[in-house]
Amino acid sequence: MKIFVDSANLTEIEDALRRGFAAGITTNPSIMSKEQGIDFRQQIREIIRLLNRYEASIPLSVEVLASAPSEMVSQARDLVSEFGQYQGLNVKVPIGWNELGVISELKRSGIKVNCTCCMSLNQALMGALAGADFVSLFYNRIKDIGYDARSVVESVRKVFKEGGTASQIIVGSIRHISDINEALIAGADIITVPPKFFPQMVSHPKTDEAVQQFLSDFRNHKKQM
């Protein structure tokens, strides 16, 4: 089980790296657009610089910004040419009929691929068979169309395990902390999490209560000595 940071914000990424739990970084055009006033490629460069500073050799997913397959391949090659010195670079390619050819071509060129925007078992399976290193299921977007997202993750896990599929399952589109727990139990290899949830993941009122009680009991004990 691994936790990826679903962000392009340098402060958020560094907060996770400093605490030691970040096993990867995922970005997409929407996430990148939140970093206003910063060039797309410059932001990738800064993220890689940060990862190197922490000696974090972890996956970094960057999405192509095109819809035509030939442009996707060209952009992917450009990304690898510019940032390929970082060994963890993965190119995100959305699932689709024509996009399967993109995934296959990139893999034949030795480029790591994260097949993204998967909403179903069939999509995840096809992306994996085309050669994707990761397949990304969008948990709450699956819910939005009335399907049981947990059962989709469970089905993908079952099929991948029985078929010996090497692709790792990423679950994204996390909107509630309960989504993280559900997806992990369902069999996700990786959950990519918006940073706002990280403090919540280690917080519990009974933990605070216990710590305060321990400190209070110790102070009272010292007064009695």
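**Strand 6 and helix 9 in the predicted model**

In this predicted model, the side chains of strand 6 are divided between two directions, with Phe134, Ser136 and Phe138 pointing one way and Val135 and Leu137 the other way, and all of these residues are buried. In a regular strand, side chains alternate between the two faces of the sheet. Because five of the five residues of strand 6 (residues 134-138) are buried, the strand is largely enclosed by the rest of the structure.

Strand 6 pairs with two other strands. With strand 5 (residues 113-118) the pairing is in the parallel sense and extends over three bridges, and Phe134 of strand 6 is the bridge partner of Asn114. Strand 5 and strand 6, together with helix 6 (residues 121-130), make a right-handed β-α-β unit. Strand 6 also runs parallel to strand 7, to which it is joined by five bridges, and here Leu137 stands opposite Val171 of strand 7.

Strand 7 (168-172) is also among the elements that cover the buried residues of helix 9, which include helix 7 (139-144), helix 8 (149-163), strand 8 (190-193) and helix 10 (198-201) as well. Within helix 9 (residues 177-186), the buried residues are Asp179, Ile180, Ala183 and Ala186. These residues lie on the same side of helix 9, because they cover an arc of only 135 degrees around the axis. An α-helix has 3.6 residues a turn, so residues three or four places apart point the same way. Helix 9 is followed by Gly187, the phi of which is positive, near 115 degrees.

Conventions: Residues are numbered from 1 along each chain as its sequence is written. This is a predicted model: local features need pLDDT of at least 70, side-chain atom pairs count only at pLDDT 80 or more; totals for chains, interfaces and linings use all residues. Side-chain values use heavy atoms; hydrogens and water are left out. Buried means under 20% relative accessible area, exposed over 50%, partly exposed in between (1.4 Å probe, protein chains only). Helices (H or I, at least four residues) and strands (E, at least two) are DSSP runs, numbered from the N terminus. The arc is that of the directions from the helix axis to the C-beta atoms. Contact means heavy atoms within 4.5 Å. Two strands pair if DSSP finds at least two bridges between them. A crossover is right-handed if, with the strands pointing away from the viewer, the path from the first strand over the helix to the second runs clockwise.
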